[in-house]
Amino acid sequence: MDFAKLTDVMRALALQAGDKIMEIYGRDDFEIRSKSDESPVTVADEAADAIISAGLRAAFPDIPLVTEEQAASHTISTHTFLIVDPLDGTKEFIKRRGDFTVNIAYVKDGVPLRGIVYAPAKERLFYTDAQGVSVEEQGPFHLDKPGQTTPITVSKPDNNALLVVASKSHRDQATDDYISKYATADMKSAGSSLKFCLVATGEADLYPRLGRTMEWDTAAGHAVLQGAGGAVVRFDDHTPLKYGKPAFENPFFIAYAPGVALEKP
């Protein structure tokens, strides 16, 4: 894989998709439907998916592509692939809360090596560079020329005063019970893959997820966190979270800065 090319392509496609999403976001109304699993999908999801899928297939025709909005891709059996969630946080988009992202990642041998997370409404752009180091680019964002970037790194957490982030739309009692095992100084909620990025930048130390997610929800954020020195492990046994699983479904997991003393379930 040409990682310099991959970084450029992912960045350009994420920005193009983000522009389309924000165009639709600014409309007075937009179509919302329910998928077979009763999760919502909008015209923004589909428009962003069309932009990203076409761009990735043109640039990397020999690499399998898995994307949330194309059900046929969910039956692929592979451990090296590109994976896309064109609009992560659709509920946040519908409620106009801004916590939604464009996610693109490259997985090799089950490990998300490169990724980009773009939050267009919040004007925050995180990605792994050609060397695999995670950066945040400062706006305004231009398609043809990256702006100034700053390497990001996880915190050195204080286990007596941890900063925890949890899901905004999928919070439940089991999550709260697990968080209560830690000594926390601050608790915040965020939508979509932004939670991984908050850990990657040191704005949070710990993100536990006790709920259903798919690999396209997590791969890009996982890559960004990994490139910032963080880790993502299974909730049950604290082994590394791997990709290319059957139907691309994740178990419960914990994303964290390595200084956190993880509690058992």
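User: Why is Asp 217 counted as buried?

Analyst: In this predicted model, the relative accessibility of Asp 217 is 19%, and because buried means under 20%, Asp 217 falls on the buried side of that cut-off. The residue belongs to helix α6, which covers residues 215–227, and it touches Asp 85, Asp 88, Asn 103, Ser 193 and Phe 196, leaving aside residues up to four places away in sequence.

User: What makes the approach of Met 214 to the side chain of Asp 217 a polar contact?

Analyst: The backbone nitrogen of Met 214 is 2.8 Å from a polar atom of the Asp 217 side chain, and the cut-off for a pair of N or O atoms is 3.5 Å, so the distance satisfies the rule.

User: Which residues does UniProt place in the feature "binding site", and how do you know that they gather at one spot?

Analyst: The unreviewed UniProt entry places this feature at Glu 68, Leu 87, Asp 88, Gly 89, Thr 90 and Asp 217. Although these positions span 150 residues in sequence, no two of their C-alpha atoms are more than 12.3 Å apart, and therefore they gather at one spot.

User: Is Thr 90, another of those positions, buried or exposed, and what does it touch?

Analyst: Thr 90 has a relative accessibility of 10%, and since buried means under 20%, this residue is buried. Its place is in helix α3, residues 90–94, and its contacts, residues up to four places away in sequence not being counted, are Pro 40, Val 41, Thr 42 and Asp 45. In addition, the side chain of Thr 90 reaches the backbone oxygen of Leu 87 at 3.3 Å, a distance within the 3.5 Å allowed for a polar contact.

User: Why is the pair of Glu 92 and Arg 97 called a salt bridge?

Analyst: The closest N and O atoms of Glu 92 and Arg 97 are 2.7 Å apart, and because a salt bridge asks for a side-chain nitrogen of Lys or Arg within 4 Å of a carboxyl oxygen of Asp or Glu, the pair qualifies. Glu 92 is buried at 2% relative accessibility, whereas Arg 97, at 35%, is partly exposed. By the rule just applied, the count for the model comes to 11 salt bridges.

User: What makes Glu 215 and Lys 245 a pair that ties together parts of the chain?

Analyst: The closest N and O atoms of Glu 215 and Lys 245 lie 2.9 Å apart, and the two residues form a salt bridge. Glu 215 lies in helix α6 and Lys 245 in the loop between β14 (231–234) and β15 (249–250), so the bridge joins parts that are 30 residues apart in sequence. Glu 215, with a relative accessible area of 0%, and Lys 245, at 16%, are under the 20% cut-off and therefore buried.

User: How do you know that Lys 20 and Glu 23 are about one turn of the helix apart, and what are they linked with?

Analyst: Lys 20 and Glu 23 both lie in helix α1 (residues 3–25) and are three residues apart, which is about one turn of the helix. The closest N and O atoms of their salt bridge are 3.5 Å apart, and Lys 20, Glu 23 and Arg 27 are linked in a network of salt bridges. Lys 20 at 28% and Glu 23 at 43% lie between the 20% and 50% limits, so each is partly exposed.

User: Why are strands β6 and β7 said to pair?

Analyst: Strand β6 (residues 111–119) and strand β7 (residues 124–128) share four bridges in the antiparallel sense, and because at least two are required, they pair. One bridge joins Val 117 to its partner in β7, Phe 126. Both strands belong to an open sheet of seven strands with mixed pairing, in the order β3-β4-β5-β6-β7-β8-β9.

User: What makes β3 and β9 the edge strands?

Analyst: In the sheet of seven strands, β3 (65–67) and β9 (149–151) each pair on one side only, and they are therefore its edge strands.

User: Why is Glu 137 counted as buried, and with which side chain does it make a polar contact?

Analyst: Glu 137, which lies in strand β8, has a relative accessible area of 1%, and because this is under 20%, the residue is buried. Its side chain makes a polar contact with the side chain of Tyr 127 at 2.8 Å.

Key: Residues numbered from 1 in each chain as written. Predicted model: local features only at pLDDT ≥ 70, side-chain atom pairs only at ≥ 80, totals over all residues. Heavy atoms only, no water. UniProt positions renumbered as here; feature names shortened; annotations may be inferred. Buried < 20%, exposed > 50% of the residue type's maximum accessible area, 1.4 Å probe, protein only. Contact = heavy atoms within 4.5 Å. Polar contact = N/O pair within 3.5 Å; in protein donor to acceptor, adjacent residues only side chain to side chain.
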